[in-house]
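Here are some exercises to work through at your own pace, each with a solution in small steps. Keep the sequence and the model in view as you go.

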Amino acid sequence: MPKWFEDGLNFTCTRCSNCCRHESGYVFLSKRDIERLADAFRLEAGEFIERYCKRVDLGITTRTSLREQENFDCVFFRDGRCSVYPVRPLQCRSYPFWPAVLENADNWSKEARHCPGINVGARHSGQTVLEWLDARANEQPATYELE
Ligand code: SF4
Ligand code: SF4
């Protein structure tokens with residue numbers, strides 16, 4: 001385990017919604033994310049993708065991401081909150097314990113400038129942080145063509 005977070009990290013989401021709106025970005029989906037979201041909407045996976053997703057060409061592969069609204073809010077950001085919170089994608093659930101953010105303490109501190117929940121609130125053990133990294137590493141990405 002990297003030394004810098006072996007004693008754990010503090011994070012509690014303040015629900016400020018900074019990471020769900022205003023800026024264009026990608027919420028990449030795993031196959032399991034699509035299954036859970038499609039079930040919640042009682043849609044077939046293909047129908048769900050057609051309504052709520054976009055194709056992102058990454059050169060060597062294509063990934064499936066959630067669409068954005070015209071103002072760049074996530075397609076599921078409604079009435080000031082995430083409208084799919086219980087079944088939100090792993091990318092959202094695992095934030096801020098993402099590989100790039102956890103690469104070193106400096107990256108973690110820089111990320112805290114954008115997220116008021118970082119370095120406050122609940123302590124997450126180093127083991128828990130590693131489990132989030134594993135969950136992301138083991139997710140099966142949803143490539144657009146396969147759905
Ligand atoms: S920016 Fe941080 S505190 Fe705000 S909603 Fe996102 S995770 Fe929560
Ligand atoms: S799915 Fe929910 S938590 Fe994830 S970016 Fe969209 S609104 Fe935010």
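**Exercise 1.** Decide whether Asp79 is buried, partly exposed or exposed.

*Solution.* Start with the rule: a residue is buried if 20 or more other C-beta atoms lie within 10 Å of its own, exposed if 12 or fewer, and partly exposed in between, with C-beta atoms placed from the backbone. Next, count: Asp79 has 5 C-beta neighbours inside 10 Å, so it counts as exposed. Now locate Asp79: it sits in the loop between β4 (77-78) and β5 (81-82). Finally, check the backbone: phi of Asp79 is positive, about 50 degrees, although the residue is not a glycine.

A word on the model: it is predicted, so local features need pLDDT of at least 70 and side-chain atom pairs count only at pLDDT 80 or more, while totals for chains, interfaces and linings use all residues. Residues are numbered from 1 along each chain as its sequence is written, and chains are lettered from A and ligands numbered from 1 in the order in which they are written.

**Exercise 2.** Do the same for Ser17.

*Solution.* Ser17 has 15 C-beta neighbours inside 10 Å, so it counts as partly exposed. Its place is the loop between β1 (9-11) and α1. Phi of Ser17 is near 70 degrees, a positive value in a residue other than glycine.

**Exercise 3.** How many helices and strands does the protein chain have, and in what pattern?

*Solution.* Use DSSP runs, numbered from the N terminus: helices are H or I with at least four residues, strands are E with at least two. The count gives five helices and six strands. Along the sequence they read β-α-α-β-β-β-β-α-α-β-α.

**Exercise 4.** Which residues of α1 are buried, and which are exposed on the other side?

*Solution.* First, list the buried ones: Asp33, Ile34, Leu37 and Ala38. They cover an arc of only 120 degrees around the axis (directions from the helix axis to the C-beta atoms), which puts them on the same side of α1. Then turn to the other side of α1, where Asp39 and Ala40 are exposed. Last, look past the helix: Arg42 follows α1 and has a positive phi, near 55 degrees.

**Exercise 5.** Repeat the exercise for α2.

*Solution.* The buried residues of α2 are Phe48, Ile49 and Tyr52. Their arc is only 100 degrees around the axis, which puts them on the same side of α2. On the other side of α2, Gly46, Glu47, Glu50 and Arg51 are exposed.

**Exercise 6.** Which residues touch the most other members of the largest nonpolar core?

*Solution.* A nonpolar core is a set of buried Ala, Val, Leu, Ile, Met, Phe, Trp, Tyr and Cys residues joined through C-beta atoms within 7 Å. The largest core has 15 residues, and Leu29, Ile34, Phe48 and Leu66 touch the most other members. The elements giving two or more residues to this core are α1 (31-40) and α2 (45-52). A second, separate core has six residues, including Phe97, Leu102, Ile118 and Val129.

**Exercise 7.** How does the shell around ligand 2 divide into nonpolar, polar and charged residues?

*Solution.* A residue is near the ligand if its C-beta atom, placed from the backbone, lies within 6 Å of it. The residues found include Cys20, Cys74, Cys82, Arg88 and Cys92. Sort them: Ala, Val, Leu, Ile, Met, Phe, Trp, Tyr, Cys and Pro count as nonpolar, Asp, Glu, Lys and Arg as charged, and the others, Gly among them, as polar. The shell divides into 10 nonpolar, no polar and one charged.
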